[in-house]
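Reader: I would like a close look at one part of this model, namely the side-chain links and the packing around them. Please take me through it step by step, and keep the reasoning in view.

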Amino acid sequence: MAQALTLSRPLDGVAKLWREYPREAVGFGLLAIAAAAAIGGAAHSTPELPASAKPAEVAPPAPPPMLVRDVAPTQALEINQEIPVANGPNPAASPFVFKGDKGARAQALQCLASAVYYEAGSQDDDGERAVAQVVLNRVRHPAFPASVCGVVYEGSTRATGCQFTFTCDGSMYHQPDAAGWRRAYAIAEQALSGSVYAPVGYATHYHANYVVPVWASTLAKNAIVGAHIFYRWAGGWGTPPAFTQRYTGHEANATALRNAALAAEAATANQPTEEALKGLTNIPGAQLKDGGPGRIAVRFNLEAARKATTEAPHVDYVKKFEASDNLKWTLSGQTTSTDEKPLGKTASATDAAPGATAATQR
């Protein structure tokens, strides 16, 4: 569900270009257009459900942001192992009862099978059953949408992030293999028909064991299945009485949701990070402006850019860089003097020690 996000610095080269080639950098800057999306998040905590209150009378907790800590996979494995499995009972969820027409069931199967395939297709049947169980647990919890497709694609087009990473990381560009899809579809059918995967209980969250979400220590860890670690809400929100939401019986079009998610992913795939955008401020004439929600527009002041170009000091390439003797001679345009020795040889070959090879001579 959660995967590490590796942030690059694609504009570092731009800043370096300006330092070393100010004239060329301004020319490049005059043609550049950049946009960025800023995604933020904070640590999440679960509000307690009072023992005397009914779930319907209290606002449910908001799903935590899908952000992970910046740690290496090996360190993540160690951190996850140190988080203890919650004590106390871990009852199996009740069977899911589907109440809808054939059309709704077809869409629900498509969405659920997609989640099973892309989230756990590399695992065994138990790994896939565990993911299907989490999806259906969410459908019945008031903190999430009341439909299968609504749960699977929640947040897939929002800047705040998706709940299931396969809907916003480009995974769906890759078509499922036939055998893998048949297996995922069969498991989805079983789950919608009332099959329960008991080991994960009422888990509503999970993540791969090689990442550490910011919320990992705030929820109750209740199962480990394959490469996934499962969690339920802490306190009353993770107990059976909280799962009172009724399935809506209606499903959105799975293909439309998939296309919308892919379109949103494509629109943000190549946006530079906030850190990388700082490099733009080093380019004379570059002006960052608010381009609307989640966007930064870049415009260039031509007067400032031209002035910078005119005033940029020129440093001879040969003097600025440590060029090889061959390159320095080539760029100088000088003719070879009559006493010039071959490149790579010592001033006097006779000065070399007897028996010395070409590799030891300088």
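Author: A disulfide, as the word is used here, is a pair of cysteine sulfur atoms within 2.5 Å of each other. The coordinates to which this rule is applied belong to a predicted model, and the rule gives a count of two disulfides. In one of them cysteine 111 is joined to cysteine 149, with 2.0 Å between the sulfur atoms, and the angle of 95° about the S-S bond makes this link right-handed. The link connects distant parts of the chain, since cysteine 111 belongs to helix H4 (residues 102-120) and cysteine 149 to helix H6 (residues 148-152), 38 residues apart. Cysteine 111 and cysteine 149 are both buried.

The other disulfide is formed by cysteine 162 and cysteine 168, whose sulfur atoms are 1.9 Å apart. Here the two partners can be placed against the cut-off of 20% relative accessible area, under which a residue is called buried. Cysteine 162 has a relative accessible area of 3% and is therefore buried, whereas cysteine 168, at 30%, counts as partly exposed. When the bonded cysteines are counted along the chain, the disulfides of the protein follow the pattern 1-2, 3-4.

Helix H4, which holds cysteine 111, also leads into the nonpolar packing. In general, nonpolar side chains of soluble globular proteins tend to be buried together. The largest nonpolar core of this model has 62 residues, and the members that touch the most other members are Leu112, Val135, Val148, Val152, Leu192, Val200 and Phe230. At least two residues of this core come from each of helix H3 (73-82), H4, H5, H6, H7, strand S2 (220-225), strand S3 (228-232) and helix H8 (254-268). Among these elements H4 gives the most, with ten residues. Leucine 112 shows what such packing looks like from a single residue: once its neighbours within four places in sequence are set aside, leucine 112 is in contact with Ala132, Val135, Leu136, Val148, Ala188, Ala191 and Leu192.

Charged side chains add another set of links, and the count of salt bridges comes to three. Arginine 183 takes part in one with aspartate 125, where the closest N and O atoms are 2.8 Å apart. This pair again joins distant parts of the chain, with arginine 183 in helix H7 (residues 178-192) and aspartate 125 in helix H5 (residues 125-139), 58 residues apart. Both partners are partly exposed, because the relative accessibility is 26% for arginine 183 and 31% for aspartate 125.

Arginine 183 also forms a salt bridge with glutamate 128, with 3.2 Å between the closest N and O atoms. Since arginine 183 lies in helix H7 and glutamate 128 in helix H5, this pair ties together parts that are 55 residues apart in sequence. Glutamate 128, however, has a relative accessible area of 1% and is therefore buried. Taken together, Asp125, Glu128 and Arg183 are linked in a network of salt bridges.

The remaining bridge to describe is between the side chains of aspartate 126 and arginine 129, at 3.1 Å from N to O. Aspartate 126 and arginine 129 are three residues apart in helix H5, so about one helical turn separates them. Aspartate 126 is partly exposed at a relative accessible area of 33%, and arginine 129 is partly exposed at 27%.

Aromatic rings complete this account, and the count of aromatic pairs comes to twelve. One of these pairs is phenylalanine 96 with tyrosine 247: the ring centres are 5.6 Å apart and the planes stand at 70°, so the pair is edge-to-face. Phenylalanine 96 lies in the loop between H3 and H4, and tyrosine 247 in the loop between S3 and H8, so the pair ties together parts that are 151 residues apart in sequence. Both rings belong to buried residues, with relative accessible areas of 4% for phenylalanine 96 and 13% for tyrosine 247. Tyrosine 117 and tyrosine 118 form an edge-to-face pair as well, with 5.1 Å from centre to centre and 90° between the planes. Tyrosine 117 counts as buried, at 14% relative accessibility. Tyr117 and Tyr118 belong to one aromatic cluster together with Tyr153, Phe166, Trp181 and Tyr185. A ring can also face a charge, as where arginine 105 lies over the face of phenylalanine 98, at 5.5 Å from the ring centre.

Methods:
Residues numbered from 1 in each chain as written. Predicted model: local features only at pLDDT ≥ 70, side-chain atom pairs only at ≥ 80, totals over all residues. Heavy atoms only, no water. Salt bridge = Lys/Arg side-chain N within 4 Å of Asp/Glu carboxyl O. Helix = DSSP H or I, 4+ residues; strand = E, 2+ residues; numbered from the N terminus. Buried < 20%, exposed > 50% of the residue type's maximum accessible area, 1.4 Å probe, protein only. Core = buried A, V, L, I, M, F, W, Y, C linked by side-chain atoms within 4.5 Å. Contact = heavy atoms within 4.5 Å. Phe/Tyr/Trp six-rings, centres within 6.5 Å; stacked < 30°, edge-to-face > 60°. Lys NZ or Arg CZ within 6 Å of the ring centre and 35° of its normal.
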